[in-house]
Amino acid sequence: MAAKRTIRNKAIEEESGSSRRDFIKKSGLLTALALAPPSLVMASENKWDEKIAEYLETVPLSLEVNGVKHTLNIEPRTTLLDLLREQLLLTGTKKGCDHGQCGACTVHVNGTRILSCLSLASMQQNAQVTTIEGLSQGKKLHPMQEAFIKNDGFQCGYCTPGQIMSGIACIKEGHANSREEIREYMSGNICRCGAYHNIVDAITEVKEGGKAL
């Protein structure tokens, strides 16, 4: 019985101590708010604290996209794909798997094709980026765009921007010397509609036509 009373008394004491601690915390918070300068309260209401935090959590970035120079402040975790689509509103580059497995997000950086969903935008300082929007010259389509239309190299069209960007790179890299080689070096670009044969036709036509890319 004595042991039970001791345990019960300790529980009462702990509960009482917890209540006192909560009371002190709440009292301290109310006191801090009451003594806070009006300027600090106003800054909080205007969300200046959030703006300052946002500024401190961003990094500067300068790059050129489709011939246009951009200077921005971005979150370090922003991918090149999200920068293009969400901040620069260049939505031609598609977000497919977001894991670098489908090729829908392919763009050219300094002349080399990359998967923009796997590349941090902050790593592209002073880079020259070309997206599907930057291929045509006014109303004149790029030869690869024309070939895709002529050869029906698409159905739903969702993967087409990435396919075209990879097709151009495939030729520039010297990997379009046969249909088999084209298939191999285009294997990272998935077409869920199964237009692979026509895609190879389009790339072959541009390669054999010797058109400037």
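**View 1. Cys159 and Cys156 sit among unbonded cysteines in this predicted model.** With 12% relative accessibility, Cys159 counts as buried, a label for residues under 20% relative accessible area, whereas exposed means over 50% and partly exposed lies in between (1.4 Å probe, protein chains only). The closest cysteine sulfur to that of Cys159 belongs to Cys191 and is 4.0 Å away, too far for a bond, because a disulfide is a pair of cysteine sulfur atoms within 2.5 Å. In fact, a search of the whole structure finds zero disulfides. Cys156 is in none either, as its nearest cysteine sulfur, in Cys193, is 3.7 Å away. Cys156 itself counts as exposed, at 57% relative accessibility.

**View 2. Helix α6 covers residues 160-172.** Helices here are DSSP runs of H or I with at least four residues, strands are runs of E with at least two, and both are numbered from the N terminus. Does the length of α6 come out short, long or as expected? Its end C-alpha atoms are 18 Å apart, which agrees with the expected span of 18 Å for 13 residues; that span is 1.5 Å times one less than the number of residues. Twelve of the 13 residues in α6 are buried, including Thr160, Met165 and Ile171. These buried residues pack against β3 (106-109), β4 (112-115), β5 (128-130), α5 (143-150), α7 (179-185) and α8 (196-209), where contact means heavy atoms within 4.5 Å. After α6 comes Gly174, with a positive phi near 80°.

**View 3. Strands β1 and β2 form a hairpin.** Residues 59-65 (β1) and 68-74 (β2) pair in the antiparallel sense over seven bridges; pairing requires that DSSP finds at least two bridges between the strands. Val65 stands opposite Val68 in β2. Two residues lie between the strands, and Asn66 in the turn has a positive phi of about 55°. On β1 there is also a parallel partner, β5, joined by two bridges, with Glu64 opposite Gln128.

**View 4. The whole protein has eight helices and five strands.** From the N terminus on, the elements run α-α-α-β-β-α-β-β-β-α-α-α-α. Of the 213 residues, 34% are buried.

**Notes on the views.** Residues are numbered from 1 along each chain as its sequence is written. For this predicted model, local features need pLDDT of at least 70 and side-chain atom pairs count only at pLDDT 80 or more, totals for chains, interfaces and linings use all residues, and side-chain values use heavy atoms, leaving out hydrogens and water.
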